[in-house]
Amino acid sequence: MKSICKMRSLSLVVVLCFLSPIILPGIFPVAIWAQSAASLAKHQKIYKDGPYLFLNPDNSVRMIACEGFSSRKTPHTLLDTVYSNLAVLGDFKVADDKGHWSFTVKNASLRGNKKEVGQLAVAQNKRDANRFKTAAGPNESLVQHSPLASGEKIFTISDSHGNFKNFIAILKKGGVINENLEWNYGKSKLVIIGDTFDRGNDVLAILWLIYTLEEQASAVGGTVSYLLGNHDNMVLKGDLRYIKSKYKKLQDTLKMPYQQFFSAQTLLGNWLRSKKSIEIIGNTLFVHGGISSAFAKSGISIERANRLIGKYLDTPKSLYAGATAAAGTAATHEKSSGAAGTAAIGSSAAPVAPGTNDFRHSEDTLAMVQFLFGSDGPLWYRGLVSSKPEYNPITEPELAAILKQYGVARIVVGHTTFEGIQFHHNGKVISVDSKNEALDIDHLAQGLQISGNTTGILSLNE
């Protein structure tokens with residue numbers, strides 16, 4: 001086995017750390033950071049985190065993981081290890097922030113366990129060319145439905161925001177996972193409507209569990225769908241206002257911006273970029289923010305919107321502004337007609353005229369990208385559940401037209417938090433980002449179960 005070692009010291013205390021063989025089978029950590037007990041007195045909330053897996057051009061894998069406990073007497077260690085390939089890494093355990101729960105990620109489930117692993121690091125902007133094609137193909141339909149067989153159920157939640165305790169509790173309540181945090185939902189479907197990032201201390205543990213459940217569900221005919229949310233987009237593009245202090249401490253220690261821990265050169269970062277933003281299962285459309293009338297009229301297919309959001313998920317708004325200035329255009333967002341602007345990103349397509357919202361035959365122009373990530377786009381739109389003028393609320397005729405256009409009976413959204421799951425517009429829109437103030441639950445208070453035309457609500461307080 002090829003071993004690459006780089007040693008650093010952040011204190012005078014030397015700590016020798018042995019991890020469970022299931023994490024590092026037969027291998028000692030090749031890099032250890034240690035903090036002294038004195039420094040821990042200033043940081044009482046010591047945490048577990050990781051592993052983060054970085055995929056290198058030579059197919060080697062860099063693993064970063066934290067080990068620590070809430071005690072002044074126990075040093076905190078940060079492990080940085082390079083393995084020759086994913087197979088050498090073996091199976092590994094992932095635990096929540098405080099070490100109360102853990103589960104195993106099987107090495108066999110790690111996608112990219114082939115030569116193309118290194119190619120991800122070499123050609124980030126060329127990743128998965130078939131998935132991220134720009135122009136609409138001749139066989140691309142405006143709407144694509146995933147079937148829901150008789151007897152199959154859908155369990156839906158949203159906005160976990162790093163709260164592992166509530167995340168696994170609501171999944172157990174719905175019968176989706178068992179006490180060992182393993183898939184228990186047979187051929188049925190789990191839909192998670194975005195926003196794992198921000199506000200909580202267990203972002204990575206939740207992502208790894210979703211990743212693992214996806215594999216376990218697929219093995220028995222079930223499915224797990226993770227749809228991207230606005231906070232996923234915010235963190236990946238470098239908007240770190242809402243990350244917890246443990247993640248700020250991690251990036252400061254390693255001198256690496258937090259969003260780079262989820263770049264396209266990481267296993268989970270590449271996985272996240274493959275996720276959809278909108279999905280139709282049976283007669284239900286799922287989306288984090290909502291479907292605005294402007295989006296429905298734009299001519300952008302769901303398939304294409306999913307590709308473009310994945311492609312530009314980590315693109316900062318500053319780059320949009322720079323592209324606009326370079327092209328000498330005025331790219332403004334007009335709520336009544338979608339997005340405006342003329343500069344193109346990565347294409348030579350004819351510009352979209354200001355005020356035009358018909359993107360049916362255009363390439364991935366600046367206007368389209370701005371629109372998809374804007375206030376009327378699927379990650380941010382709140383007008384399906386809010387009547388506030390600033391959210392461009394949907395009208396009943398507009399909603400009826402949207403449901404007809406996409407061939408669905410209802411739309412299920414997250415993003416906007418309410419006291420419990422709410423049914424809007426006579427049940428045509430259901431919001432599942434739920435809180436319970438009496439129990440001090442800010443998210444994941446309830447889950448929605450869909451079986452045929454029947455909907456049911458399961459609560460953590462029951």
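Mentor: Before we start, a bit of vocabulary: a helix axis here is a line fitted to C-alpha atoms over the stretch in contact, and angles run from 0 to 180 degrees between N-to-C directions. Also keep in mind that this is a predicted model.

Trainee: Okay. Are helix 4 and helix 5 roughly parallel or roughly antiparallel to each other?

Mentor: Take helix 4, residues 164-173, and helix 5, residues 203-219: their axes come within 10 Å and cross at roughly 30°. Angles under 35 degrees get one label. Helix 4 and helix 5 are therefore roughly parallel.

Trainee: And what is the handedness of the crossing where helix 4 passes helix 5?

Mentor: Handedness depends on which way the near helix is turned from the far one, and clockwise by less than a right angle is the case that fits here. So by that definition, helix 4 passes helix 5 in a crossing that is right-handed.

Trainee: How many residues of the contact of helix 4 with helix 5 are nonpolar?

Mentor: Helix 4 brings F164, F167, I168 and L171, while helix 5 brings A205, I206, L209, I210 and L213. Among the contact residues there are no polar and no charged ones, and the nonpolar count is 9.

Trainee: Which helix gives the most to the largest nonpolar core?

Mentor: That core has 97 residues, and W208 and Y258 touch the most other members. Leaving out residues up to four places away in sequence, W208 touches P51, L53, F92, V94, F103, V105, L110, L267 and L268. The top contributor, with 11 residues, is helix 5.

Trainee: How many residues are in the second, separate core?

Mentor: Its members include I154, L227, I421 and I450. The size of this second core is 12 residues.

How values were computed
Residues numbered from 1 in each chain as written. Predicted model: local features only at pLDDT ≥ 70, side-chain atom pairs only at ≥ 80, totals over all residues. Heavy atoms only, no water. Helix = DSSP H or I, 4+ residues; strand = E, 2+ residues; numbered from the N terminus. Parallel < 35°, antiparallel > 145°, perpendicular 65-115°, else oblique. Contact = heavy atoms within 4.5 Å. Nonpolar A, V, L, I, M, F, W, Y, C, P; charged D, E, K, R; others polar. Core = buried A, V, L, I, M, F, W, Y, C linked by side-chain atoms within 4.5 Å. Buried < 20%, exposed > 50% of the residue type's maximum accessible area, 1.4 Å probe, protein only.
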